[in-house]
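I opened a fresh page for this one and went through it with a short list of things to look up. Here are my entries, in the order I made them.

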Amino acid sequence: MLEDFVKNLILVKQSFAKNYSGNAHIQEVIPTKISEKFKIRKEFLESLHNFALKNPIYFNNYVDEIEGISCTVYEGDINEYWLNSIKHGSSCQPFYPTWILSSYVMAFIAKNLGYSELVDIGSGDGRIAYCGTVLGMKSHSIEIDDVLVDLQNTISISTNENFDPICTDALEFDYSKLNLKKPIFFIGGLAQMGGDVLATSIIDKINSISNLRDETSIVFAGTNTKRQLSGNLGNGGWSTLIEKHDLNVIDTVSLPSIWTFDQDVETPYIFTKFN
C-alpha cells in the first residue's frame, strides 16, 4: 500500500512540476481529500494541511486537479530563512525542505519499523519531527538557526503539536539528555555538503551512549545527481560512510523535495541500522 502511495505522490509531483505556471519561490501539493490513490487517515491528512496553513513560509493556497486527484497547492517563499540558514559555520545545507507529504511518508516508515522516538538533525521548519509527533512518536527537532527555531515554535504553538524544537549545534549537543530508548535519527544535509561530518559526529555520540547503538536507525538524505555526487554514486552519496560505520541499508525511498522540484528525479532517503 505504501509503495502505491509513494508512486502516486511522485506521479502527482512530476505532473504538477511540468504544468505549474505560477512564480512562487517554492510550491508543493497535498491531496485535498482521501482517495484510492492516497489512502491516509483523515486526522493525519488534516494535520498535514494544518502544518502548511499555520506555517508562515506559505502565503497562498488553491485547489487544483492533478492526474485526476483533487490537490491543494501551497505556494511560499523561503528566501529570508534560506539566507539565515547559511550564516552558521557548521551548517551543512541551506534551508530547502522536503515536501510535507514526503515528511509524512518518512515518519510513517519510521513508525512502522518500530521506532518510538524521532530525532531530526538540521530540522529546518520541523516538518519531519512534526509528522513524527502526529503519528504518535516522541519527536526532537534539532536546528542550529535561531530564526528557523522561532518558526518551529510558532508552528508548534499554532498547531498544538509539540515536536520539541531545540536551538543548538548538533555537533555539540549532549544527546544523553533526551533519554532515548529506540530512536531514529534523520540527518539533514547531503554527504557532499558536509553532511558526512555531521553524520560522523552523530554516530560517535550514539556510540558513546550505553546500549543505544543496537536500538538506533539513521536516515540519510541523498542525491541522484551525478554532478553533486562527484564520483560517489552509491546510496545517494553515502556508501563510503555507510561502509565505514558498519551500517546496513534496510530501506530506501525516493520522495519529492523542494530542491528537486525542477528535476526528473526525486530525493532518495536511505534508512540504515547498525550491524
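**Entry 1: Asn55**

I began with the surroundings of Asn55 in this predicted model. Leaving out residues up to four places away in sequence, I found Asn55 touching Asp125, Arg127, Leu151 and Ile155. I then looked up where Asn55 sits, and it is in the loop between α2 (42-53) and β2. Is this loop residue buried or exposed? Its relative accessible area is 1%, so I put Asn55 down as buried. I also took one distance from here: the C-alpha atoms of Asn55 and Lys7 are 27 Å apart in space, with their places 48 residues apart in sequence.

**Entry 2: the whole chain**

Next I stepped back to the overall picture. I noted nine helices and ten strands for the protein chain. The C-alpha atoms fill a box of roughly 50 × 40 × 35 Å along the principal axes.

How does the radius of gyration compare with that of a compact globule? For 275 residues the globule value would be near 19 Å, and the chain has 18 Å, so the two agree.

I found 55% of the 275 residues counted as buried. The accessible surface comes to about 11800 Å², and carbon and sulfur atoms account for 47% of it. For contacts between residues at least 6 apart in sequence, I wrote down that 69% join residues at least 24 apart.

I looked up the charges as well. There are 22 positive and 34 negative side chains, and the centres of the two sets lie 4 Å apart.

**Entry 3: Ser139 and Thr133**

I took these two together, as a polar contact of 3.3 Å joins their side chains. Ser139 belongs to strand β5 (residues 138-143), while Thr133 is part of helix α5 (residues 127-134), so I read the contact as a link from strand to helix, using the DSSP assignment of both.

Both residues fall under the 20% cut-off for buried. Ser139 has a relative accessible area of 1% and therefore counts as buried. Thr133 has 14% and is buried too.

What else does the side chain of Ser139 reach? I found the backbone oxygen of Ala129 at 2.8 Å from it. Beyond four places in sequence, Ser139 touches Leu118, Ala129, Gly132, Thr133, Phe163 and Asp164. With the same kind of neighbours set aside, Thr133 is in contact with Ser139, Glu161, Asn162 and Phe163. Phe163 turns up in the list for Ser139 and in the list for Thr133.

One more distance for the page: Ser139 and Asp120 are 7.8 Å apart from C-alpha to C-alpha, and 19 residues apart in sequence.

**Entry 4: Thr272**

I moved on to strand β10 (residues 267-274), where Thr272 has its place. Thr272 has 0% relative accessibility, so it counts as buried. Which backbone oxygen does its side chain reach? It is that of Ile218, at 2.8 Å. Setting aside neighbours within four places in sequence, I listed contacts of Thr272 with Ser217, Ile218, Phe220, Ile242, Leu247, Asn248, Val249 and Ile250.

**Entry 5: two positive phi angles**

I checked the backbone angles next. Most residues other than glycine have a negative phi. Glu67 is not a glycine, yet I found a positive phi of about 55° for it. Asp246, also not a glycine, has a positive phi of about 55°.

Where do they sit? Glu67 is in the loop between β2 (58-66) and β3 (69-76), and Asp246 is in the loop between α9 (239-244) and β9 (247-255). Glu67 has a relative accessible area of 39%, so I noted it as partly exposed. Asp246, with 38%, is partly exposed as well.

**Entry 6: Val6**

My last stop was helix α1 (residues 2-19), the place of Val6. With a relative accessible area of 11%, Val6 is buried. Which residues is Val6 in contact with, leaving aside its neighbours within four places in sequence? I wrote down Val105, Val253, Ser254 and Leu255. I closed with a distance: the C-alpha atoms of Val6 and Pro31 are separated by 13 Å, and the two residues are 25 apart along the chain.

Methods: Residues numbered from 1 in each chain as written. Predicted model: local features only at pLDDT ≥ 70, side-chain atom pairs only at ≥ 80, totals over all residues. Heavy atoms only, no water. Helix = DSSP H or I, 4+ residues; strand = E, 2+ residues; numbered from the N terminus. Rg over C-alpha atoms; globule rule 2.2 N^0.38 Å. Buried < 20%, exposed > 50% of the residue type's maximum accessible area, 1.4 Å probe, protein only. Contact = heavy atoms within 4.5 Å. Areas by Shrake-Rupley, 256 points an atom, 1.4 Å probe, with all protein chains shown as cover. Lys, Arg positive; Asp, Glu negative; His and termini not counted. Charge placed at Lys NZ, Arg CZ, Asp CG, Glu CD. Polar contact = N/O pair within 3.5 Å; in protein donor to acceptor, adjacent residues only side chain to side chain.
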